[in-house]
Amino acid sequence: GLGWKLMDAVLRELHSQRAEALFLEVDEINAPAIGLYGRLGFNKVGWRPAYYEHDGGRKSGALVMRRDLR
């Protein structure tokens with residue numbers, strides 16, 4: 001619930017500032033975060049391969065997500 005509350009606060013602030021869109025990047029293997037962002041109305045708009053490096057040198061891509069605010 002904390003992630004939802006934080007993102008809700010960010011979205012409210014951006015709305016008050018009349019922002020038009022919000023972009024974010026998330027590790028493609030972070031299913032809980034991807035699910036949260038999807039429930040908040042974000043859509044995948046891009047992908048950066050081998051963007052994150054994990055222990056042992058394993059790499060994963062970054063999903064670029066966007067939510068229109070207007």
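Mentor: Buried means under 20% relative accessible area and exposed over 50%, with partly exposed in between (1.4 Å probe, protein chains only). You are looking at a predicted model, where local features need pLDDT of at least 70 and side-chain atom pairs count only at pLDDT 80 or more, while totals for chains, interfaces and linings use all residues. Residues are numbered from 1 along each chain as its sequence is written, and side-chain values use heavy atoms, leaving out hydrogens and water.

Trainee: Thanks! Which residues of α2 are buried?

Mentor: Helices (H or I, at least four residues) and strands (E, at least two) are DSSP runs, numbered from the N terminus. Helix α2 covers residues 31-39. Its exposed residues A31 and R39 sit on the face turned away from the buried side. The buried ones are A33, L36 and Y37.

Trainee: How wide an arc do those buried residues cover around the axis?

Mentor: The arc is taken from the directions that lead from the helix axis to the C-beta atoms. The buried residues are on the same side of α2, because they cover an arc of only 95 degrees.

Trainee: Is G35 buried, exposed or partly exposed?

Mentor: G35 belongs to helix α2. Its relative accessibility is 25%, so G35 counts as partly exposed.

Trainee: Which residue caps the N-terminal end of α2?

Mentor: Look for a polar contact, meaning a pair of N or O atoms within 3.5 Å; within protein, one must be able to donate a hydrogen and the other to accept it, and residues adjacent in sequence count only if both atoms are side-chain atoms. Here a side-chain oxygen lies 3.2 Å from the backbone nitrogen of A33, and the residue that supplies this oxygen is N30.

Trainee: Now the sheet: what is the order of its 3 strands?

Mentor: Two strands pair if DSSP finds at least two bridges between them. The sheet is open and its pairing is antiparallel. β1 (21-27) and β2 (43-53) each have a single partner strand, so they stand at the edges. That gives the order β1-β3-β2.

Trainee: How many bridges join β2 to β3?

Mentor: β3 spans residues 59-68 and runs antiparallel to β2. Among the facing pairs, R48 is opposite A62, and W47 has L63 as its bridge partner. The number of bridges joining the two strands is 7.

Trainee: Which residue in the turn of the β2 and β3 hairpin has a positive phi?

Mentor: The hairpin leaves 5 residues between its two strands. The phi in question is about 80 degrees, and the residue is G56.

Trainee: What angle does the direction of α1 make with that of β1?

Mentor: Axes are lines fitted to C-alpha atoms, for helices over the stretch in contact, and angles run from 0 to 180 degrees between N-to-C directions. Contact means heavy atoms within 4.5 Å. Helix α1 (residues 2-16) packs on the sheet, touching β1 and β3, and its angle to β1 is about 155 degrees.

Trainee: And within what arc do the buried residues of α1 fall?

Mentor: The buried residues of α1 are M7, L11 and L14, and what covers them includes β1, α2 and β3. On the other side, L2, K5, L6, R12 and S16 are exposed. The buried residues line one face of the helix, because they fall within an arc of 65 degrees.
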